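Please look over the sequence and the model shown here. The paragraphs that follow go through them step by step.

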Amino acid sequence: MIVIEKILSDEEVNHYRQQLAECPWGDGGKTAMGMAASVKNNNQADSSDAKVSQLANLLLSRIGETPKIVSAALPHKIFPPCFNRYSETEEYGYHVDSAIMRIPNTTDVLRSDVSMTTFLSEPEEYDGGELIISTEFGQQQIKLPAGYAVVYPSSSLHKVTAVTRGQRLAAITWMQSMISDTNIRQNLYQLDQTIQNLIKENNTSRTELDNLHNVYHNLIRQFATL
């Protein structure tokens with residue numbers, strides 16, 4: 001579970017919110033599959049709307065431009081982001097994201113390895129609405145500032161608690177990673193972040209950094225599936 005700070009600026013968040021306020025919305029429960037449909041109570045922006053599609057593409061581009069997300073997820077395929085809205089009393093009960101998802105308007109499918117939620121509402125704008133992720137260390141509660149995102153394994157059981165005041169707006173997406181094993185992906189992320197920190201500190205020799213880069217990329221070659 002990795003927090004990505006400021007994937008969107010304040011100005012960009014405002015743009016998303018203004019555009020989404022003018023877009024058509026529908027029952028989010030109709031977009032869920034299997035057991036998740038019975039516990040999903042929210043609204044989702046119409047993905048076929050031109051404005052929604054444009055916003056989704058903008059966020060897709062930002063994901064690809066954000067080194068920390070690429071490092072954490074090592075994405076091979078990314079599902080077009082969806083925008084959801086929780087008003088008072090709305091919630092999404094415990095569920096696991098579908099393992100296989102069909103990318104809209106294509107014949108392509110992806111395996112959901114990594115989920116990502118990008119928050120578009122400030123925490124003080126609503127009560128409740130926490131993202132709860134069950135992990136081996138217990139339940140982790142997430143409620144981040146607007147423009148922040150959290151990346152976590154799609155295999156985890158998670159929910160969004162009921163909103164009791166205000167409105168919660170967010171974008172969600174899923175990624176098929178080149179590295180399907182969560183533990184290996186986590187180790188590669190830690191290795192890459194260590195390399196990046198050493199580069200910033202500028203007190204490690206180029207030879208040592210090259211050796212670490214060599215190990216990192218050879219591990220990706222060993223475990224990646226494309």
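In which helix do glutamate 65 and arginine 62 both lie, and how many residues apart are they? The two residues are in helix 2, with a spacing of three residues, or about one turn of the helix. Their side chains meet in a salt bridge, with 3.5 Å from N to O. Glutamate 65 is exposed, because its relative accessibility is 55%. Arginine 62, in contrast, has a relative accessible area of 22% and is therefore partly exposed. The pair also belongs to a wider arrangement, since a network of salt bridges links Glu12, Arg62 and Glu65.

Before going further, it should be said that this is a predicted model. The protein contains five helices and 17 strands. Its C-alpha trace spans about 55 × 40 × 35 Å along the principal axes. For 226 residues, a compact globule would have a radius of gyration near 17 Å, and the protein, with 18 Å, agrees with that. Of the 226 residues, 43% are buried. Among contacts with a separation of 6 or more, 76% are between residues 24 or more positions apart. The accessible surface of the protein amounts to about 11,700 Å², and carbon and sulfur atoms account for 49% of that area.

The next topic is the salt bridges. The whole structure has eight of them. One of these joins lysine 51 to glutamate 22, where the closest N and O atoms are 2.4 Å apart. Lysine 51 is in helix 2 (residues 50-65), while glutamate 22 is in the loop between helix 1 (10-21) and strand 2 (25-27), so this pair ties together parts that are 29 residues apart in sequence. Lysine 51 counts as partly exposed because its relative accessibility is 30%. Glutamate 22 has a relative accessibility of 55% and therefore counts as exposed.

A further salt bridge runs between aspartate 127 and arginine 165, with 2.9 Å between the closest N and O atoms. Here strand 11 (residues 126-128) holds aspartate 127 and strand 16 (residues 163-166) holds arginine 165, so the pair ties together parts that are 38 residues apart in sequence. Aspartate 127 has a relative accessibility of 34%, so it counts as partly exposed. Arginine 165 is also partly exposed, because its relative accessible area is 35%.

Which charged residue is buried yet has no salt bridge? That residue is aspartate 192, and the nearest side chain of opposite charge, lysine 200, is 9.9 Å away. A salt bridge needs a side-chain nitrogen within 4 Å of a carboxyl oxygen, so a distance of 9.9 Å does not qualify. Aspartate 192 is part of helix 4, which covers residues 182-201. Leaving aside residues up to four places away in sequence, aspartate 192 touches Ser71 and Tyr216.

On the surface there is a nonpolar patch formed by Tyr94, Val96 and Leu157. Together these residues have about 230 Å² of accessible area. Leucine 157 sits in the loop between strand 14 (149-153) and strand 15 (158-160). With a relative accessible area of 37%, leucine 157 is partly exposed.

The last topic is the backbone. Most residues other than glycine have a negative phi. Against that background, leucine 74 has a positive phi, near 45°. Leucine 74 lies in the loop between helix 3 (67-73) and strand 5 (75-78). Asparagine 105 likewise has a positive phi, of about 65°, although it is not a glycine. The place of asparagine 105 is the loop between strand 8 (100-102) and strand 9 (109-111).

Are these two residues buried or exposed? Leucine 74 counts as buried because its relative accessibility is 5%. Asparagine 105 is exposed, because its relative accessible area is 85%.

Notes. Residues are numbered from 1 along each chain as its sequence is written. This is a predicted model: local features need pLDDT of at least 70, side-chain atom pairs count only at pLDDT 80 or more; totals for chains, interfaces and linings use all residues. Side-chain values use heavy atoms; hydrogens and water are left out. Helices (H or I, at least four residues) and strands (E, at least two) are DSSP runs, numbered from the N terminus. Buried means under 20% relative accessible area, exposed over 50%, partly exposed in between (1.4 Å probe, protein chains only). Lys and Arg count as positive and Asp and Glu as negative; His and the chain ends are not counted. Contact means heavy atoms within 4.5 Å. Patches are made of residues with over 30% relative accessible area and no salt bridge: like charges are joined within 9 Å, nonpolar side chains (Val, Leu, Ile, Met, Phe, Trp, Tyr) within 5 Å. Accessible areas come from the Shrake-Rupley method with a 1.4 Å probe; for residues, only the protein chains shown count as cover. The radius of gyration is taken over C-alpha atoms; the globule rule is 2.2 Å times the number of residues to the power 0.38.
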